[in-house]
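User: I'd like to walk through this one step by step. Please keep the answers short and plain.

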Amino acid sequence: MRSLLGDHLLQRLQQDAEGTLHQRLFRCLRSAIVEGVLQPKTRLPASRDLAGEIHVSRNTVLTAYEQLQAEGYVEARTGHGTWVAEKLPEAFLNSQKKKAQPHLQPPRRDYTLSHRGASLMGYAAASPHQWGAFVPGAPDVTEFPHHIFSRIQSRLSREPDINRLIYSNAGGCVELRSALADYLRVARSVQCDVDQIIITEGIHQGIDLVSRALSDIGDHVWIEDPAYWGMRNTLRINGLHLRPMPVDIEGIIPEDNPKQAPKLIFVTPSHQYPLGSHLSLARRKQLLNIARQHGSWIIEDDYDSEFRFSGQPYPSLQGLEPEAPVIYMGTFSKTIYPALRIGYLVVPKPLFSPLRIVAAELYRGGHLLVQKALAEFIREGHYEAHIRRMRLLYGKRRSFLIDLIYRYLGKDFLHEYDEASGLHLVMKLPTYCDDVAIATKALERGVKVRPLSQYYMHSHARAQRGLLMGFACVDEKDMVMAFGVLLQCLREAGVPTLN
Ligand SMILES: Cc1ncc(COP(=O)(O)O)c(C=O)c1O
């Protein structure tokens, strides 16, 4: 078997065709020494072994070694072998150069980001540790049946299937796509088949994919205002022109006769993020008409609709009409755990192949073993059982938090658009409050809430004041402690409390 050095030399010898063989070998060895491939004090292979590995005569190797020794790159002791010299001739040359030019400064490296990179940094808002009271949108990851999921994964890893270990451009694991098609048809009234589903690494990647594949730099895109800042940032870095549309209790208020047609319309119809309303039937129809009229795509972000604590879940917008101009996005971040990084798109059939090819070109895709394990987890009924259990748990935690708000602040402090769903609620604050300052104070004392005003595109006068509070990953005991701290911050900010 050839050594790594043998492979390296053979490749280099092919690139250096000038002169005799021993001169070429000398140059290749010298470069390997100078570039650090062969470190100082490394023992070179015996001349006979190296000659055998790279198919040259022993004399060629001996001549190259002798020249290296003569020039000071290696040291040799008869009968003991040949070593790379501790100090290379280049070191002497460099130190002399340094002495001759003592004031020569290396050129300055510029570490500034591109305009769009720097602009994204300015908008970056992800918290460093997304866990604990009251991080919005964080599920209780400790409650997931990890033992069941890992049992499926270990069995699959013991039966390695080539198809799960190579690059794929199929839009993700077919078994997962098929399990999702069945689930989404029943649970979310999505009209779909397996050949409409593309697995992504979460909704974030879905937003990136559809915005790159279906719109061009400078195109107009409608977004809800307020909305999820993560979505805004992805659209910004892709060079889109964002048009914020206000939101009321019926959801987004679209502009009926826009001067500039939107290429994409991003909405959260089942649970408006962050305020909590659902898109009314009249608005759904209005939006579909606008999209049809202007050739726009509606991008439906269905991030947490599995968690509705009273009444029936609202069906998806995608399923409202046949051939609706809608791309549906879902995620396992809220139902399983965020670090799983698995989400999905449901796209119209003619878009399936182009989008899966763009996805493969941009992200390559992978994690097929985990995707297959997830498909089995769903097929065996564990997924729905877990969602049912979490719905009960989160429902109890949510009621507990609402009781605290009612008891210590009053009913007006729960946002009026709240519809008993999702993993967070919005505590509404009087308009004179600086919600950013309150959230900062609370964070200094270990309580994580997010200021509502920051979810607006421009922190303009219309921005409502409030705090987003996640309740799913906090048990009642921790909730009481954290709420006490928050109450103190609110009192210090001049908010009237009841107790
Ligand atoms: C409205 C909304 N959409 C999408 C996401 C992100 O989903 P994913 O983790 O699948 O990228 C979030 C995350 O909190 C969200 O709040």
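User: Okay, which residue of strand 13 stands opposite Pro 451?

Analyst: Quick warning: this is a predicted model, where local features need pLDDT of at least 70, side-chain atom pairs count only at pLDDT 80 or more, and totals for chains, interfaces and linings use all residues. Numbering starts from 1 along each chain as its sequence is written. Strand 12 and strand 13 (residues 466-470) run antiparallel, joined by 2 bridges (strands pair if DSSP finds at least two bridges between them). Across from Pro 451 in strand 13 sits Leu 467.

User: Which strands are at the edges of that open sheet?

Analyst: The sheet has 3 strands in the order 11-13-12, paired antiparallel. Strands here are DSSP runs of E, at least two residues long, and helices are runs of H or I, at least four, numbered from the N terminus. An edge strand pairs on one side only, and that describes strand 11 (424-428) and strand 12 (450-451).

User: In the hairpin of strand 1 and strand 2, what phi does Gly 79 take?

Analyst: Strand 1 (residues 74-77) runs antiparallel to strand 2, with 4 bridges joining them. Ala 76 stands opposite Thr 82 of strand 2. The hairpin has 3 residues between its strands, and there Gly 79 has a positive phi near 85°.

User: Which side chains of strand 2 point to the buried face?

Analyst: Side chains in a regular strand alternate between the two faces of the sheet. A residue is buried with 20 or more other C-beta atoms within 10 Å of its own, exposed with 12 or fewer, and partly exposed in between (C-beta atoms being placed from the backbone). In strand 2 (residues 81-84), Gly 81 and Trp 83 point to one face and aren't buried, while the other face has the buried Thr 82 and Val 84.

User: And in strand 10, what is the bridge partner of Ile 198?

Analyst: Strand 3 (residues 197-200) has Ile 197 and Ile 199 pointing one way, Ile 198 and Thr 200 the other, and all are buried. Strand 10 (residues 343-346) runs antiparallel to strand 3, and 4 bridges join the two. In that pairing, Ile 198 is partnered with Leu 345.

User: Where is Pro 226 found?

Analyst: Most peptide bonds are trans. The bond from Asp 225 to Pro 226 is cis, though, with omega near 10°. As for its place in the chain, Pro 226 lies in the loop between strand 4 (220-225) and helix 10 (229-237).

User: What is omega for the cis bond that joins Tyr 273 and Pro 274?

Analyst: Pro 274 is in the loop between strand 7 (264-267) and helix 11 (281-294). The peptide bond joining Tyr 273 to Pro 274 is cis, and its omega is about 10°.

User: Is Ser 189 buried, partly exposed or exposed?

Analyst: Ser 189 isn't a glycine, yet its phi is positive, about 50°. You'll find Ser 189 in the loop between helix 8 (174-187) and strand 3. With 15 other C-beta atoms within 10 Å, Ser 189 counts as partly exposed.

User: Same choice for Arg 364: buried or exposed?

Analyst: Arg 364 has a positive phi too, near 65°, without being a glycine. Its loop lies between helix 12 (349-363) and helix 13 (368-379). Arg 364 has 10 C-beta neighbours inside 10 Å, so this residue counts as exposed.
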